[in-house]
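Reader: I would like to go through this model one question at a time. Where should we start?

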Amino acid sequence: MRQMIVMLLLLNACESSEPTPLAVPTEAPEPLLEAHAAYRGGDLARMAERLRETLAPPGVGALVRENALALLEAGYAVGR
């Protein structure tokens, strides 16, 4: 239940007026922040690189992982 509430808050806390699949977690690693910026700028290749960097380190938090995978899915949908 708590995770669902957190995810809903993240969904509604988007800082940009442009559509993004999820808001960036407040303590997001730099590569995830750059991935969101690349998505908003339409640079899907850079977004994918930064998501790879985000997910590579061991011990990535669950919310960061979920956010990165949701962004990857959104990028895939846009890139079709």
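Author: Start with a term: a residue is buried when its relative accessible area is under 20%, exposed when over 50%, and partly exposed in between. The model is predicted.

Reader: Is Arg-50 buried or exposed?
Author: The cut-off for a buried residue is under 20% relative accessible area. Arg-50 has 14%, so Arg-50 is buried.

Reader: Which residue of helix α2 forms a salt bridge with Arg-50?
Author: The closest N and O atoms of this pair are 2.8 Å apart. The partners lie 16 residues apart and link distant parts of the chain, with Arg-50 in helix α3 and the other in helix α2 (residues 30-40). At 24% relative accessibility the partner is partly exposed. The residue is Glu-34.

Reader: Which residues does the salt-bridge network join?
Author: Besides the bridge to Glu-34, Arg-50 forms one with Glu-49, at 3.6 Å between the closest N and O atoms. Arg-50 also meets Glu-53 at 3.0 Å, N to O, and these two are separated by about one helical turn because they are three residues apart in helix α3. Salt bridges that share partners thus make one network of Glu-34, Glu-49, Arg-50 and Glu-53.

Reader: Are α3 and α4 roughly parallel or antiparallel to each other?
Author: Helix α3 (residues 44-55) and helix α4 (residues 62-79) pack at an angle of about 160°, with axes 10 Å apart. Angles over 145 degrees count as roughly antiparallel. The two helices are therefore roughly antiparallel.

Reader: What is the handedness of the crossing of α3 and α4?
Author: The contact includes Leu-51 of α3 and Leu-72 of α4. The crossing of these helices is left-handed.

Notes
Residues are numbered from 1 along each chain as its sequence is written. This is a predicted model: local features need pLDDT of at least 70, side-chain atom pairs count only at pLDDT 80 or more; totals for chains, interfaces and linings use all residues. Side-chain values use heavy atoms; hydrogens and water are left out. Axes are lines fitted to C-alpha atoms, for helices over the stretch in contact, and angles run from 0 to 180 degrees between N-to-C directions. Helices (H or I, at least four residues) and strands (E, at least two) are DSSP runs, numbered from the N terminus. Angles under 35 degrees count as roughly parallel, over 145 as roughly antiparallel, 65 to 115 as roughly perpendicular and the rest as oblique. A crossing is left-handed if the near helix is turned anticlockwise from the far one by less than a right angle, and right-handed if clockwise. Contact means heavy atoms within 4.5 Å. A salt bridge is a side-chain nitrogen of Lys or Arg within 4 Å of a carboxyl oxygen of Asp or Glu. Buried means under 20% relative accessible area, exposed over 50%, partly exposed in between (1.4 Å probe, protein chains only).
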